[in-house]
Amino acid sequence: MGILTNKNLPISPSRNLPAKPLPQARGFVELIGRTNFSFLQSASSPEEMVEKAMELGYNGLGVCDLNGLYGVVRGFQAAQSPSHFTTLPAAKEDFHYLIGTELTLTDETSLVLIPMNKQGYSHLCEILTLGKRQASKGFSKLSLEQIEKYNQHLLCLAIPPWSDDRYERLEKIFDNRLYLPLWRDLTWESHEFCKQGFALEEKYQAQLFVTQRPFMHSVERKPLFDVVTCILHHTTLDEAKNKLIQNGERCLKSMEDISYLWQDRLDLVEKTVEISKRVEFSLNEIRYRYPASSLPAGMTSSELLRDLTYKGAEKRYAGGIPEKVLTQIEYELNLIKDLQYEDYFLTLKEICDFATSKNILYQGRGSAANSVVCFCIGLTAIDPIQMDLLFERFISRERREPPDIDIDFEHSRREEVIQHIYEKYNERHAAMVCTVIRYRSRMSIRETAKVFGIPLAKINAMIKFMGRDGISRLLDPAVSKEFGLNPEQWKMFLALAQQLRGFPRHLGIHSGGFLITQDPITEMVPVEKATMDGRYVIQWNKDDVDCLRLMKIDVLSLGMLTCLRKCFDLLRQHKDIDLSLATLPPDEEKTYEMIGRAETVGVFQIESRAQMNTLPRMKPKNFYDLVIEIALIRPGPLQGGMVHPFLKLRQNQPTKIKYAHPKLEPILKKTLGVPIFQEQVMKMVVAVGDFSPGEADELRRVMSSAWRKQITMVGVEQRLKAGFAKNGISVEYAEQIYKTVEGFANYGFPESHSASFALLTYASCYLKCHHPDVFTCCLLNSQPMGFYAPRTIIGEAQRNGVKVAPLDVQTSDYDYTLEEKDGHFHILRVGLRSIYGLPAPLALRIEQARKTDGAFKDITDFIQRTQLPRSILLKLAAAGAFESFNTNTRELIWHLESLSLDQQSFLWGHPKEQFELGDDEDEPEHLPFESNWDRLRREYDSKGYSVEAHPISILRSYLHGKSQSLIAQRYIPYMHSDDLKRFKTKTKVRVAGLVSITQRPPTAKGMCFITLEDEFGFMNIVIHPEIYQKYRPTIYTRSLLEIQGHLEKVGGITNIRAERVLPLT
Amino acid sequence: MRTLCINLKTPQESSSAEAFLLLSPRVQFRFPHFIFVDITTTQHLLGGELGCLEKALEIAGKFSADASAAIADTAPAAQMLAKWRPSHVSLRGKEQESFKGLGLDALKDLEGLSPWAQKKPVEHMIDFFHTLGVHGLEDVLNFRLNSLRERWGDFGVLLWNRLHSQDAQIISPLVPRDPLVGYGYLDDPIGSAPLLMARMKVHLDTLFARLLGLSRHAQRLDVVLHCEYSDKRYSLSIEPVSPTRDQNLFEDLLFKKLEQQVLENPIREFEISLFDVPEKIQQLDFFEPRDSSEDRWRRLISFAKQSQCEMGFLQMEASHFPEQSFRLVTDWPEDFNPRDLVERQDQALQIKSVYAKGLAESPRPSLLLEKPQPLSAAEVQKLRFVSSLPSERIESAWWQISVQDLKNRDYYFALSHQGQLLWVFKDRINSQVYLHGYFD
């Protein structure tokens, strides 16, 4: 690749360099820049293009991606507010950032349109929407006639080749707004285009200008450009031939090079500045108007919001609104009025009211939880006054950023809310925000490998080898040999794969971000069809929308809300208890005791292995402890090494806490001097890192962007350490804080967000503690969600005393249900939804048939009444759903296999189809006896668990036998999870169990954690990296494992540190 | 009459006799693997009887590696000698002299065009002679006709006649009726082109031998390959620019086509059909108005090929580098018009750029050196460069590991001392200037 960095002025071999310098162009604007948002047709990001243009001293840059405005906001941001953390040469003061697009017309010609003013921009958005709305993803359908209608206020740069006809036609439409670009990229084609251009200039006085038509910001990106070209054409480098660009000249060149290339026509270089001066539009001008709410007669939106807030406050504070709250309400309402955000709040209120009317559970989260107005009008459920949360985190007059309110709805019913929004605002005024799907490590390795012609089998092996470690695992040069590749080529391939990582791949739809506008949305941003039918997305993602300060609403979904709503319904139905999120008994002691014992399988947020390990040490006693617990076990504090110091401090409860700097005390007091929440980190860098508010704000954005640039993070690190050093803070502490920042950049919680989640955590824990039957039933009915498989959830319920009744077509509904009481709790009946691959409509058919005409008489009656296909009958039989017919399941499966059930036959269900066991010619008497193990396997295969027995309990007698011989040989016998309590730390143990979860979090420095389960409970296995590498295949391929190791008991937590991991055979 | 008998040793189709029509029009096949050729009148055209024998063995080699042949006055004797005295030519009118030293078992092969109806009488006769103490064939010649008639009746008479050249068997002119087709069934299915080609070559050899015997030219060769495990069939058709007997040409073309095929499954069976036309002798005439120029070029290539001269059409290739941007092909070249790839759905479209499509229109010298020639600094100094900027910059193959494969060139037009317009490039990796072509 090195050859492409050798960039010289192209001078003929016999020519001597001129003695005196050549005349230089007085200015240049690259009008037709292209970025990687042209999806595989460029090799540089918008930021790179802008930064390079600034570095080279251009007067401006136009970002004109193919058929869209996808990347313009990022370029705008780079041009408008360069990062505080990168050191770039100062751009020219009047650096002009232009936006536009290169359109492909149906006659296969291309032209670039650049809006001259706001009106032109609206026209451009209309044109793009027109081209995209009726076309599939990646396609465009536009003709010159359609563009003609919107041509006003747009500059047209017609891409060659040109003909007299084409020129005349375009000139007729665009008049003096038509320009012809010329470039010299040392290809014969560009030479011919120049000839055509000069001829048109002579004949029609056509307006020419110089461009480099750049596809990359630097010549060093030529290899990457070739790689993306190959990906676009689905070919390899060796086979791509003329699909690859001829040379690396299509990049941003220095002013000297441009002047040298165009020394004969410097006027055309300077012409670009003149053209750019015709453009007065900037993305700043996009004014956003939120749709005016439908107001009651005689009321302004401000008055309505005030009215609703006070009515809500009266309900929330039943004993009278405290003075502090009243003051805060007034303050917030005034600020909302000043910033004209009332309609935004009212729209959200209306959406939440719709949800309430449909009995859809919802809860606001994020920074909205800092607002008492949001609490009063019912958008959030956390009292910010009680929690001492800062309203400025939500709305600030200085930041002037739009408020960001995320609302979670039940995951199974969010679609109803989305449909309501579409119905109410229609597609002219509402569209969803897109997400840019990017090349991640695996995909970039896979695609680059294909381009290098590496065989598919080797690529798959490579991806498998990478595992969860990403590209870093492949960086070892010795690895290249394993895949039979030359080390040089391997290096090249990896470098390109890393460059490709993070490139936009295509647009996806944001999970719930809506942009709702008063004026037609297509005048503000191009809208295109999403893959999902009837859905439209704008061409910008949430960061772009934030950057332009547009207000979006987030309609998100949460599985736990579905579970909780179902719990509340079931409590009313079976136990006559009327509960809601607002009426749950607060700070209930038994619930916190259960949490302290880490019995949190299935609950919200604190069910992970890491959380469960912390709970016995943390022993939460109140709601705020839960808030901390949730924010604590996140990559931010984990990477910053904040978790153990915090837990230590909490256990010791020191009277005086040491702070690295006195200014940190007010910031970290709440959390015992340890930064846990995102806002604490931000406050810290301002207080003792000498960050300006602008820098702190950028840091916040950097922290919340998964695709931050490496260069920016280096800048942050330097800036942070320098600031801390200036304030006399140790290098070690600075390093720790930087690690925390890095961690927060992956995933970190602000306090308000954590508080919102803590409420759901508490609710789920309360229900699990007091109503495990109801909680388990609803949790299973809300699957898939959470960490654990139904098997583990059912096992946990059984251990908590809930009786589980097996699947039975005579009693089971589609959902899991509760039956009459047995002991403390109701019996949980397994639902038909538990069977793998059983379509819901067919399961409901069984339920319906039984409820309409009563119980099934026998299997024949079942077959005739439900008319299910044979494959479904087999699934039901294998899952044991026919056992109440007193049939041997194996025999039944044998007969069902040979049954001919033709759905099309008019004889279906008639006596001819009589199904009688034992009358068949193939007497199944020869069928072998089905052992308990066989039966268990059958049930596991069909629904993933068995309510009768745990696999290890069936294997227990075998393990006992094996233990005897182990003891005889003076080896350690098998123990079960209950035994472990009796032994001391460092005791050598041998256990067997079923794998519940295998985790290898990126923050754990290569450690692997397995939760193993036997009939008595869970066992925590800790596998150190060297052991993990040794037993990696076993860990990922076996579900029954034998672990040999020793016990580690710390602070009430029992772990087994594995020394050997073996398959249980 | 002089008869040549070829014993092919392995069972053959009757059509294999057609290959021997080169020796005489009177050729007859006898089951299972004997060919009888009447060379009485044609042997002098083929270098005498020995020449005939040689040619016959050469042709027979296409059918069987260990074929043998002999010439005698009568067909039975020729057959017997072909087996027991391979490549023997008996004296004209004295074929019995060639029987000397032969054992009695040779009698079994004294058949000619009509084989012994049953082997048993011959074996019985041989046993009887052995009982009598007669062990050599020349001794049997001493028995009288009557003695044999008395003991073995008509069979004895026939044997005596054959031994004494009295069984005149007439070989009629061969009228070819069988189509030129071959069929092969592979016990072990084959998926590799070279292996498959090797198995088909045997059939191609015989087909072309027959074609030659028929004095015809092959216009087209069709091959149908049947896959194992599926009903998938691959049909390949080879049609050179003009009818030819050049088996190598057909084989080359067939092999190329085979290599291009992506086989779904290995091949179990194949069928080969050769379409023949009478020999056509044409005068090359550039001024003949009836033919298109394409036809005339095709014919020229065909003639050149028949004269062992390498000539073909230039097929343009989509390469960045001039020396790789064409190749010599025998087929009429395909149109080369590189364009952007346009995908359409309804009326909407998506264009995938072919960035170096303009290379096809770039000027290239009329004489391009196969290997660029390095120029010394002195030679470069003598050149007058038409422009200071390169006319083209070509850089590619950065992914190649070996430095020789890395290419990064700036091309210029330059005038030589003699006023010849040259095409030179500067290698940007080693700064060496090379001459790459001349313009007319």
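Helix axes whose angle is under 35 degrees count as roughly parallel, over 145 as roughly antiparallel, 65 to 115 as roughly perpendicular, and the rest as oblique. In this predicted model, helix α13 (residues 342-357) of chain A packs against helix α16 (residues 414-429) of chain A at an angle of about 130°, with the axes 10 Å apart. α13(A) and α16(A) are therefore oblique to each other, and their crossing is right-handed. To this contact α13(A) contributes A:Ile351, A:Phe354 and A:Ala355, while α16(A) contributes A:Val417, A:His420 and A:Ile421. Of the residues in the contact, five are nonpolar, one is polar and none is charged.

Chain A also contains an open sheet of seven strands, in the order β8-β9-β14-β11-β10-β13-β12 and with mixed pairing. Its edge strands are β8 (362-365) and β12 (527-529) of chain A, each of which pairs on one side only. On average, neighbouring strands of the sheet are turned by 45° against each other, direction ignored. β8(A) runs antiparallel to strand β9 (residues 405-410) of chain A and is joined to β9(A) by four bridges; A:Asp406 in β9(A) is the bridge partner of A:Arg365. α13(A) packs on the sheet, where it touches β8, β9, β11 (504-516) and β14 (552-558) of chain A, and its direction makes about 10° with that of β9(A). α16(A) likewise packs on the sheet, touching β9, β10 (430-438), β11, β13 (536-541) and β14 of chain A, with its direction at about 110° to that of β10(A).

The contact between the chains takes 43 residues from chain A and 47 residues from chain B. Elements of chain B giving two or more residues to its side include α9 (377-382) and β16 (407-415). The residues on that side divide into 24 nonpolar, 14 polar and nine charged.

Methods: Residues are numbered from 1 along each chain as its sequence is written. Chains are lettered from A and ligands numbered from 1 in the order in which they are written. This is a predicted model: local features need pLDDT of at least 70, side-chain atom pairs count only at pLDDT 80 or more; totals for chains, interfaces and linings use all residues. Two residues are in contact if their C-beta atoms, placed from the backbone, lie within 7 Å. Ala, Val, Leu, Ile, Met, Phe, Trp, Tyr, Cys and Pro count as nonpolar, Asp, Glu, Lys and Arg as charged, and the others, Gly among them, as polar. Axes are lines fitted to C-alpha atoms, for helices over the stretch in contact, and angles run from 0 to 180 degrees between N-to-C directions. A crossing is left-handed if the near helix is turned anticlockwise from the far one by less than a right angle, and right-handed if clockwise. Two strands pair if DSSP finds at least two bridges between them.
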